[in-house]
Amino acid sequence: PPSPRCRVFCSSRGMASRGMAASLSGSTRHFRRALSSAVGLVGAGNMGRGMAASLARSGIPVNIFDIDAAALASAAAQAPSMIQSAKSLADVCARSDPIVVSIAGEAAERMVFLGSNGLVEHASAGALLINCGTSTVAFARELHEAVGARGMSLLDAPVSGGPEGAANGTLSLMVGGVAQDFERAKPLLDAMGSYCVLMGGPGAGAAAKLLNQLLTASNALAATEAMALARALSLDSEASLKALLELLARSWGNSTMLQRGGAIFANALAQSDPSSALAAPSAAPLRNFAKDLDFVLQAAASADLSLPATSAARTAVARASALGKASADWAFVATLHQVAASKEVADVAMSLPPRVIPPSAAPMPFATIEELQASLPPPWHEGERALLLRCAALASRRGAPLAVIDDDPTGTQTVHSVPVLADWSVSSLAAALAEPIPCFYVLANTRALLPAEAAERAAQIGANLAAAASRLGFDPRRLSVVSRGDSTL
């Protein structure tokens, strides 16, 4: 029978509209008969592992691949008769169609889809690729164009619901692409989620996900403020907080993130060491929100929009990361609202010329120099640590992040909880410079170019950085820029 779980909301121009809704036709059994091979799945992390289990539970065989051998083995072990480990992306393509990709970060997605030995290189003409990661709208459209040029189809289909939703098959999927491809994928999407919607054409799913992340992070931050104030007002026992959550569930102040984070906070208070309990690693860690909120703020800057709630949420994530708690849950942020002894940082900021510090860059994510030092990764030697500290302190006190221009993608895999920009437009760079973060990377990919081309690209990035600084109203000569390169080949 028809299912209301997958719907189409689109106009002839691919935008959301009130008009047309198409319900899920067919069944998983019909879907399996129509397949000539199993479904491919790239990514065996918290999300991919759960997706594989949900597909297998629905009777859909899966070929899964991940570069992490332990994660791959763990995912396959959930249902050995239904989930098979693949040896490579080429192996996935040879045995699977459609292919679902669930990995974190545009740099990794670019390598999986467009890199050497990637999906676009190995998948057959007519294959359907489905990207479930969070990305910018521009990158989603770039993927659609690249995949389509090779005679394949793509859906940008990011998800909401976290690892729990992936494992239980209750994700919400927001999809961008062609209606025919959506119809083809609906039974597969229905196996992974409880609700899926075709929002419009290429990039529409990515756009919807950015809005979801904006609301999720803003609601999560508000929930942590509520928990901190509740504790200060003596609603500080597990029982009283659970009673409060039950009350708020029937009130206008309720949200999913309040109930989720509030429950974690209440349970932590019942432990012998609540602080350690709140700092414990989470299946939905704060670090996952860093890039998503960067994408949101980049889109807002391009549209000349100010998003103060989103900026505050991004600062909270940066502050937790600076304290080494990027793996913690949003509930941990409730411990950061106590006013810190940050007079030293405030005094330094006030002593600098007003034009040096963009308004949105204060306060910095580090309350003290000690916090900044504690955020640094372990050094190879003490000289390196001293250099890192001097650079970070200099960049932070000047009120603009350190800009690191990197020559190839491998370098960005080793950075310590900082944003990575895949483009260097003036708008993107201005958004990054205005953020209250220690530094950001610009993925220039100059190592793949001839020397003259690499020099031209570096000059363009430098010119755009200067223009971005001027747009924010401070002297470009005060920027700190590092050009990072290596020769691992």
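In which helix is L278 found? Select L278 in this predicted model: the residue is found in helix α13, which covers residues 274-279. This is the starting point of the tour.

**Stop 1: L278 and its surroundings**

With L278 displayed, consider its accessibility. At 3% relative accessibility, against a cut-off of under 20% for burial, L278 counts as buried. Now add the residues that L278 touches, leaving aside its neighbours within four places in sequence: they are I264, F265, A268, A328, D329, A331, F332 and T335. A distance label may be drawn here as well. The C-alpha atoms of L278 and A266 are separated by 9.9 Å, and these two residues are 12 apart along the chain.

**Stop 2: the whole chain**

Return to a view of the whole protein chain. The chain has 21 helices and 14 strands. Of its 489 residues, 49% count as buried, L278 being one of the buried residues. Among contacts between residues at least 6 apart in sequence, 67% join residues at least 24 apart.

**Stop 3: helices α14 and α15**

Select residues 287-302, which form helix α14, and residues 308-322, which form helix α15. How do the axes of α14 and α15 cross? They come within 10 Å and cross at roughly 150 degrees. An angle over 145 degrees counts as roughly antiparallel, and α14 and α15 are therefore roughly antiparallel to each other. The crossing in which α14 passes α15 is left-handed.

Show the side chains at this contact. From α14, select F289, A290, L293, D294, V296 and L297; from α15, select T310, S311, A313, R314 and V317. By class, the contact of α14 with α15 holds 7 nonpolar, 2 polar and 2 charged residues.

**Stop 4: the loop between α14 and α15**

Between these two helices, select D304, which lies in the loop joining α14 and α15. Is D304 buried or exposed? With a relative accessibility of 71%, D304 counts as exposed. Its backbone also merits inspection: phi of D304 is positive, at about 55 degrees, although the residue is not a glycine. Most residues other than glycine have a negative phi.

**Stop 5: helices α14 and α20**

Keep α14 on display and add helix α20, residues 426-433. The axes of α14 and α20 come within 9 Å and cross at roughly 120 degrees. That makes α14 oblique to α20. The crossing of α14 and α20 is right-handed. Which residues make this contact? On α14 they are L297, Q298, A301 and S302, and on α20 they are S427, S428 and A431. The residues of the contact of α14 with α20 divide into 3 nonpolar, 4 polar and no charged. L297 of α14 takes part in the contact with α15 and also in the contact with α20.

**Stop 6: helix α10**

Select helix α10, residues 204-232, and within this helix S218. At 17% relative accessibility, S218 counts as buried. Not counting residues up to four places away in sequence, S218 touches A309, T310 and A313. Two of these, T310 and A313, belong to the α15 side of the contact with α14.

Next select A222, which is also placed in helix α10. A222 has a relative accessible area of 42% and is partly exposed. Draw a distance from A222 to A312: their C-alpha atoms are separated by 10.0 Å, with the two positions 90 residues apart along the chain.

**Stop 7: backbone features elsewhere**

Move to strand β5, residues 96-101, where P98 is placed. The peptide bond from D97 to P98 is cis, with omega near 0 degrees. Most peptide bonds are trans.

Then select N117, found in the loop between α5 (106-114) and α6 (119-122). Phi of N117 is near 65 degrees, a positive value in a residue other than glycine. At 44% relative accessibility, N117 counts as partly exposed.

**Stop 8: cysteines**

Finally, select C93 and C132. C93 is buried, with a relative accessible area of 7%. C132 likewise counts as buried, at 5% relative accessibility. How many disulfides are counted in the model? With a cut-off of 2.5 Å between cysteine sulfur atoms, the count comes to 0 disulfides.

Definitions and conventions:
Residues numbered from 1 in each chain as written. Predicted model: local features only at pLDDT ≥ 70, side-chain atom pairs only at ≥ 80, totals over all residues. Heavy atoms only, no water. Axes fitted to C-alpha atoms, helices over the stretch in contact; angles between N-to-C directions. Helix = DSSP H or I, 4+ residues; strand = E, 2+ residues; numbered from the N terminus. Parallel < 35°, antiparallel > 145°, perpendicular 65-115°, else oblique. Left-handed = near helix turned anticlockwise from the far one by under 90°. Contact = heavy atoms within 4.5 Å. Nonpolar A, V, L, I, M, F, W, Y, C, P; charged D, E, K, R; others polar. Buried < 20%, exposed > 50% of the residue type's maximum accessible area, 1.4 Å probe, protein only.
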